[in-house]
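Subject: Structure handover

Hello,

Here is the structure for you to keep on file. My notes on what was found in it follow below the entry.

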Amino acid sequence: MLWALHVSGAGDHPERVDWLIHRLHQPGRDLPTGFYDGAHGIAHALWVLGRPDEAVELVDRARAVDPDRLGSSLYGGLSGIGLNLLSFADRCDSAAYRDKADQIAATVRRRLEERLRT
């Protein structure tokens, strides 16, 4: 929602961004990993909203998730995560993000090839 308000010209609402960041740091916070439903989408929004340090911290936390536990979808799975990692690789000039995105792309490709064979 914060991202949508920003890109539509309705303002940045820094107090709400601060609230979001505070909530992300609360112990026991179990956050999905995906782009549309979790950490990668929030990280993208934080970057756009001018909070790159917090965005990178969140991407780094989310990178630890085992890709075999996630689906391949753009919504909450590897496709959206891989695209976000490519974006962060460019933003941060990070080979580590690019390498992880390449690994995710290989996993998604393998899954698609297996699906086509069956």
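The lining of the largest pocket is made up of 13 nonpolar residues, three polar and one charged. Please keep in mind that this is a predicted model. The volume of that pocket is about 400 Å³. There are 17 lining residues, and those closest to the centre of the pocket are Met1, Leu2, Trp3, Gly41 and Ala45. Three elements each give two or more residues to the lining: helix H1 (2–7), helix H2 (14–24) and helix H3 (39–48). H3 provides the largest share, with five residues.

On the chain as a whole: the secondary structure consists of six helices and zero strands, and the pattern along the sequence is α-α-α-α-α-α. Along the principal axes, the C-alpha atoms fill a box of roughly 50 × 30 × 25 Å. The radius of gyration is 15 Å, which agrees with the value near 13 Å for a compact globule of 118 residues. Of the 118 residues, 35% are buried. If you take the contacts between residues at least 6 apart in sequence, 54% of them join residues at least 24 apart.

Next, the charged pairs. Side chains of opposite charge can pair when their charged atoms come close. The count here is six salt bridges.

One of them joins the side chains of Asp60 and Arg63, at 3.7 Å from N to O. Both residues are in helix H4 (residues 52–63), and because they are three residues apart there, about one helical turn separates them. Asp60 has a relative accessible area of 37%, so Asp60 is partly exposed. Arg63 is also partly exposed, at 26%.

A second pair is Arg110 and Asp68, whose closest N and O atoms are 3.9 Å apart. What does this pair tie together? Arg110 belongs to helix H6 (residues 95–117), while Asp68 sits in the loop between H4 and helix H5 (78–92), so the salt bridge ties together parts that are 42 residues apart in sequence. Arg110 is partly exposed, with 36% relative accessibility, whereas Asp68 is exposed, with a relative accessible area of 54%.

Arg110 has another salt bridge, with Glu114, where the closest N and O atoms are 3.5 Å apart. This pair lies within helix H6, and because Glu114 and Arg110 are four residues apart, about one helical turn separates them. Glu114 is partly exposed, at a relative accessible area of 35%. Elsewhere, Asp18, Arg51 and Glu54 are joined into one network by salt bridges that share partners.

One more residue to look at is Thr107. Is Thr107 buried or exposed? The relative accessibility of Thr107 is 11%, and because the cut-off for buried is under 20%, Thr107 counts as buried. Thr107 lies in helix H6, the helix that also holds Arg110. Apart from neighbours within four places in sequence, Thr107 is in contact with Asp68 and Leu78. Asp68 therefore appears twice in these notes, as a contact of Thr107 and as the salt-bridge partner of Arg110 in helix H6.

Regards

Definitions and conventions:
Residues numbered from 1 in each chain as written. Predicted model: local features only at pLDDT ≥ 70, side-chain atom pairs only at ≥ 80, totals over all residues. Heavy atoms only, no water. 1 Å grid on protein atoms, 1.4 Å probe; cavity = no way out; pocket = protein on both sides within 12 Å on 5 of 7 lines; lining within 4 Å. Points joined across faces, edges and corners; volume = space filled by probe spheres on them. Nonpolar A, V, L, I, M, F, W, Y, C, P; charged D, E, K, R; others polar. Salt bridge = Lys/Arg side-chain N within 4 Å of Asp/Glu carboxyl O. Buried < 20%, exposed > 50% of the residue type's maximum accessible area, 1.4 Å probe, protein only. Contact = heavy atoms within 4.5 Å. Rg over C-alpha atoms; globule rule 2.2 N^0.38 Å.
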